[in-house]
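This briefing goes through one model by topic, beginning with strand pairing and then turning to charged side chains, helix packing and individual residues. Please keep the sequence and the structure in view while reading.

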Amino acid sequence: MNNFADKLYDLRTAHNMSQESLAIKLNVSRQAITKWETGKGIPDIDNLMNIAHLFNTSIDELVSSEYTFQDGQKYLFESITQYDIREKKHYDITLTDTHAVYVTSTDSEKLTISVASNTISNLENQCKIRIDDTRDRLDINLITSQEVSKEQLKKDLTLIITIPQNYIYQVELHATSHKLTLGNMDTEKIEYTGAVSYVTLDNVTTHCEIDSRTDSDITLNRFEGKLDINQINNTTRVHVPDEYMFTTSKKGIDTSIRYENNGKQVNDYSQEDATTQISINGIHSELIITK
């Protein structure tokens, strides 16, 4: 059952569910979901059956020791690009419109980029990966054919990017995506620029900067470091686990921070001496921290 916590978490976030909404569907407390996802407890057989049914999987798959960092979905069409890495790099990744982007690390020396879809066939020609390697920098660009519409890209294009952990210096990601997931990464800085609706940081240690043109919903699960949110005329909601230690700060013009617990506004529960910091910067923007 060692990987059940990770599997449940990835299934929940892949379906854009909060812990609260999953708890309601399973008729359990949100605290139970938190325990299961942090490995502090496991569900009984009835709840395992309900989870398997809800996410259209099997109990064997839920408790299997095999696990990969993906969204649990099998795709009809997939194109994979691999590139050998031999030294630390600054990765500058520029994508077009996408439905989902997953970025994780690996112990191998190969950069792997999987482009996947259920409706876009001939991906090798429709969605090409171009890599430019110059000393300590690696530029990665997704080039899409004019035959594929923006609407189709937004609905059904997924990228899964796996970077060698020993060769990560910084990551810059430029994209417009419905969902961004960063997992199993320990690096100096990760910066996302563009637009994104849902963000998940899972087992990540870094300085993460998110510049989004839209309202965003961010889930922190085993995140350590600094999270900077830059926005104008938008609201970002950050979900934190119970007992999570963090401090907050705000900059800019007419920015605000408020706190919620179980959907109700409460007093500030951040802690000044915490090492993890969440900050808001911008104009006419709001940060809501909820647990």
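Which residue in strand 12 does N230 stand opposite? In this predicted model, the residue opposite N230 is N281 of strand 12. That strand also pairs elsewhere, and the points below begin with its partners before moving on to salt bridges and to the surroundings of helix 3.

**Strand 12 and its partners**

- Strand 8, covering residues 216-232, runs parallel to strand 12, covering residues 277-290, and 7 bridges join the two; within this pairing, N230 and N281 face one another.
- Strand 9 (residues 235-239) is likewise paired with strand 12 in the parallel sense, here over 5 bridges, and R237 is found opposite I288 of strand 12.
- Strand 10 (residues 247-261) pairs with strand 12 in the parallel sense over 13 bridges, with T248 placed opposite I278 of strand 12.
- As general background to these pairings, side chains in a regular strand alternate between the two faces of the sheet.

**Salt bridges**

- Searching the whole structure gives 17 salt bridges, including one in which the side chains of K110 and D84 meet with an N to O distance of 2.7 Å.
- This pair connects distant parts of the chain, since K110 belongs to strand 3 (residues 110-117) and D84 to strand 1 (residues 77-84), with their positions 26 residues apart in the numbering.
- Both partners count as partly exposed, because the relative accessibility of K110 is 35% and the relative accessible area of D84 is 40%.
- A further salt bridge joins the side chains of R137 and E172 at 3.9 Å, N to O, and it too links distant parts of the chain, with R137 in strand 5 (residues 137-144) and E172 in strand 7 (residues 168-212), 35 residues apart.
- Here the two partners fall into separate accessibility classes: R137 is partly exposed because its relative accessibility is 27%, whereas E172 is buried because its relative accessible area is 18%, and the cut-off for buried is under 20%.
- R137 and E172 are also members of a network of salt bridges that links them with D92 and D139.
- K226 forms a salt bridge with D228, the closest N and O atoms lying 4.0 Å apart; K226 is partly exposed, with a relative accessible area of 32%, while D228 is buried, with a relative accessible area of 11%.

**Helix 2 against helix 3**

- Helix 2 (residues 19-26) packs on helix 3 (residues 30-37) at an angle of about 110°, and the axes are 8 Å apart, which means that helix 2 is roughly perpendicular to helix 3.
- The contact brings Q19, E20, L22, A23 and L26 of helix 2 together with R30, I33, T34, W36 and E37 of helix 3, and by class it contains 5 nonpolar, 2 polar and 3 charged residues.
- In general terms, an α-helix has 3.6 residues a turn, so residues three or four places apart point the same way.

**The surroundings of helix 3**

- Helix 3 is largely enclosed by the rest of the structure, because 6 of its 8 residues are buried; the buried residues are R30, A32, I33, T34, W36 and E37.
- These buried residues pack against helix 1, helix 2, helix 4 (45-54) and strand 10.
- Just after helix 3, G39 adopts a positive phi of about 75°.

**Two buried residues**

- K7 is placed in helix 1 (residues 4-14) and counts as buried because its relative accessible area is 8%; the C-alpha atoms of K7 and E37 are separated by 8.4 Å, although the two residues are 30 residues apart along the chain.
- T200 lies in strand 7 and is buried, its relative accessibility being 6%.
- With neighbours within four places in sequence left aside, T200 is in contact with Y9, T13, L180, T181, L182 and T219.

Key
Residues numbered from 1 in each chain as written. Predicted model: local features only at pLDDT ≥ 70, side-chain atom pairs only at ≥ 80, totals over all residues. Heavy atoms only, no water. Pairing = 2+ DSSP bridges. Helix = DSSP H or I, 4+ residues; strand = E, 2+ residues; numbered from the N terminus. Buried < 20%, exposed > 50% of the residue type's maximum accessible area, 1.4 Å probe, protein only. Axes fitted to C-alpha atoms, helices over the stretch in contact; angles between N-to-C directions. Parallel < 35°, antiparallel > 145°, perpendicular 65-115°, else oblique. Contact = heavy atoms within 4.5 Å. Nonpolar A, V, L, I, M, F, W, Y, C, P; charged D, E, K, R; others polar.
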